[in-house]
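Colleague: Could you take me through one part of this model at close range, and then work outwards from there? I'd like the cut-offs as you go.

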Amino acid sequence: GMFEKIKKFEEDLAEFTGAPYAVMTDCCTHAIELCLRYDQVKEVVMTPYTYLSIPMTMHKLGIKYSYNDEEWTGEYSFGLTRIWDSARRMEKDMYRPGIMQCLSFGHDKPLHIGRGGAIILDDRAAYDAIICMRYDGRDLNIKPWVGQREFRVGYHYKPTPEEAVQGLALLEGLKEHCPPPRQVVYPDLRTITIKD
């Protein structure tokens, strides 16, 4: 079925990055959001040099955020949390225990599916919960889903099998040659205001 392909990509991605678990999502921003929601994060300190969707996400979730001066290549951490935005990294054995690294598969990223993302992590409880969360709260062991009677709030953040198939092919290529993260210049988000 369609989920076998996604599962296979997640297993290969976990093995490649050295993480015990991987959860594929429809984009990196949603991967970050699911981690923030799972950990019930209330406050973060972060770089002002990142994509606009990050402060937008904090704003929507009611998370208090402030900026440090961090300039980064490849990844940066959300201070006060165990969550990392690793959107611009994709290397063999990049995973570090105890954290949740969020990956991006956008067009200008190392694994360029065009869209999609993932979370690599070693926390089994978080993995089990986030797998359900990213697919509308569905328990994939219950088929068909109409047989499921109880749902924890979920989000429609699932990837497609087609993206997973493309990801598997690209991952094979990265096993041969893995380019280092590119330095990307982001505008300073301290200069913008977000309003409802």
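Modeller: Happy to! Let's start where two helices touch: T29, I32, E33, L36 and R37 in α2 meet S53, I54, T57, M58 and L61 in α3, contact being heavy atoms within 4.5 Å. Helices (H or I, at least four residues) and strands (E, at least two) are DSSP runs, numbered from the N terminus. A word on the source: this is a predicted model, in which local features need pLDDT of at least 70 and side-chain atom pairs count only at pLDDT 80 or more, while totals for chains, interfaces and linings use all residues. Residues are numbered from 1 along each chain as its sequence is written, and side-chain values use heavy atoms, leaving out hydrogens and water.

Helix α2 spans residues 28-38 and helix α3 residues 53-61; their axes lie 10 Å apart and pack at an angle of about 35°. Axes here are lines fitted to C-alpha atoms, for helices over the stretch in contact, with angles from 0 to 180 degrees between N-to-C directions. The α2/α3 crossing is right-handed, the near helix being turned clockwise from the far one by less than a right angle (anticlockwise would be left-handed).

How much of α2 is covered? Most of it, with 8 of its 11 residues buried, namely C28, T29, A31, I32, E33, L34, C35 and L36. Buried means under 20% relative accessible area, exposed over 50% and partly exposed in between (1.4 Å probe, protein chains only).

After α2 comes Q40, in the loop between α2 and β2. Its phi is near 50°, a positive value in a residue other than glycine. Most residues other than glycine have a negative phi, and most peptide bonds are trans. Q40 is exposed, at 59% relative accessibility. V41, in the loop between α2 and β2 (43-46), is instead buried at 13%. Apart from neighbours within four places in sequence, V41 is in contact with L36, I63, T81 and I83, so the contacts of V41 include a residue of the buried set in α2. L80 has a positive phi too, about 75°, although it is not a glycine. L80 sits in the loop between β4 (76-77) and β5 (83-85) and is exposed, at 63%.

Moving outwards, let's look at the rings. R96 lies over the face of W84, 4.5 Å from the ring centre; a charge counts as over a ring if NZ of Lys or CZ of Arg is within 6 Å of the ring centre and within 35 degrees of the ring normal. The structure holds 9 aromatic pairs. One is F9 with F105, edge-to-face at 5.6 Å centre to centre and 85° between the planes. It links distant parts of the chain: F9 is in helix α1 (residues 2-17), and F105, 96 residues away, is in the loop between β6 (100-104) and β7 (117-121). Both F9 and F105 are buried. Y76 and F78 have ring centres 5.3 Å apart and planes at 70°, so this pair is edge-to-face as well. For the cut-offs, rings of Phe, Tyr and Trp (its six-membered ring) pair if their centres lie within 6.5 Å, with planes under 30 degrees apart stacked, over 60 edge-to-face and the rest tilted. Y76 is buried at 0%, and F78 is buried at 0% too. Ring pairs join W72, Y76, F78 and Y186 into a cluster.

F9 brings us to a second helix pair: α1 packs with helix α5 (residues 161-176) at about 25°, axes 8 Å apart. They are therefore roughly parallel; angles under 35 degrees count as such, over 145 as roughly antiparallel, 65 to 115 as roughly perpendicular and the rest as oblique. The crossing of α1 and α5 is left-handed. Among the residues that meet are F9 and L13 in α1, and L168 and L171 in α5.

E10, also in α1, is buried at 4%. Finally, a cis peptide bond joins K143 and P144, with omega about -10°, and P144 lies in the loop between α4 (124-133) and α5.
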